Amino acid sequence: MRLGPPSGPVAHASGETCPDYTMESRNENQTIANEREGLNSPEHLENHRLVISPVPIQTVRAFIAWTQPHLASPAGAVFALGAQSGDGTLVGVVLIGWPTAWAFDDGDTAEVLALATDGTSDASRALLGAVWPLVREMGYRRLIAYTRIEESGTDLWDAGFRVVPRPFGWWDTAGRAGDVARVLWAIRAVGGRR
């Protein structure tokens, strides 16, 4: 018994046949279309591929100081990842550590302390997508992150994070001088609720 798509013409209930639109033929058509637009050129592919790898924390702090000079260097980092373009240029970094809020410092939670990119498209999305599996492997059951209230958090949402509603008055920093209102995001392992 053959499993998978049929090969050759496919007969529909009406009795008509149509060409086989298997994944191979769709990919072949897409390849031809990409070649027409120049999207398959080695230069284009090489420049748009991101490689995620561990990066020394000192390198991450220097990158953050370069791309976001208004941010203070976070303390308590456990590990860091970097996104590099095809030519080896560092285009984004993420710093992971213990939670800054004592309420989350339960041994099961890690925090995205900083995320910075040079503006390369999809660098932050790729970094956030790579962090969660590593954090789970390290034994953490939850990963949290914060955004400023005016930031959309689209990349966090795409990586599986969801907004965590906070009870009224809990850890409200909006009234303190120098603090900005922030939104708490979290992703947790199945069964990770305590």
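The accessible surface of the protein comes to about 12300 Å², and carbon and sulfur atoms account for 55% of that area. These values were computed on a predicted model. Of the 194 residues in the protein, 31% are buried, where buried denotes a relative accessible area under 20%.

The secondary structure comprises five helices and nine strands. Read from the N terminus, the elements follow the order β-β-α-α-β-α-β-β-β-α-β-α-β-β. Contacts within the protein may also be considered by separation in sequence: among those between residues at least 6 apart, 60% join residues at least 24 apart.

The last part of this account concerns strand 9, which spans residues 182–188. Is this strand mostly covered or mostly uncovered? Five of its seven residues are buried, so that strand 9 is mostly covered under the criterion of less than 20% relative accessible area. In general, the side chains of a regular strand alternate between the two faces of the sheet.

Strand 9 has pairing partners in strand 7 and strand 8. With strand 7, residues 142–148, the pairing is antiparallel and extends over seven bridges. Within this pairing, Y146 has L184 of strand 9 as its bridge partner. Strand 8, residues 162–163, likewise pairs with strand 9 in the antiparallel sense, here over two bridges. V163 is bridged to W185 in strand 9. L184 and W185 of strand 9 thus serve as the bridge partners of Y146 and V163, respectively.

Methods
Residues are numbered from 1 along each chain as its sequence is written. This is a predicted model: local features need pLDDT of at least 70, side-chain atom pairs count only at pLDDT 80 or more; totals for chains, interfaces and linings use all residues. Side-chain values use heavy atoms; hydrogens and water are left out. Helices (H or I, at least four residues) and strands (E, at least two) are DSSP runs, numbered from the N terminus. Buried means under 20% relative accessible area, exposed over 50%, partly exposed in between (1.4 Å probe, protein chains only). Contact means heavy atoms within 4.5 Å. Accessible areas come from the Shrake-Rupley method with a 1.4 Å probe; for residues, only the protein chains shown count as cover. Two strands pair if DSSP finds at least two bridges between them.
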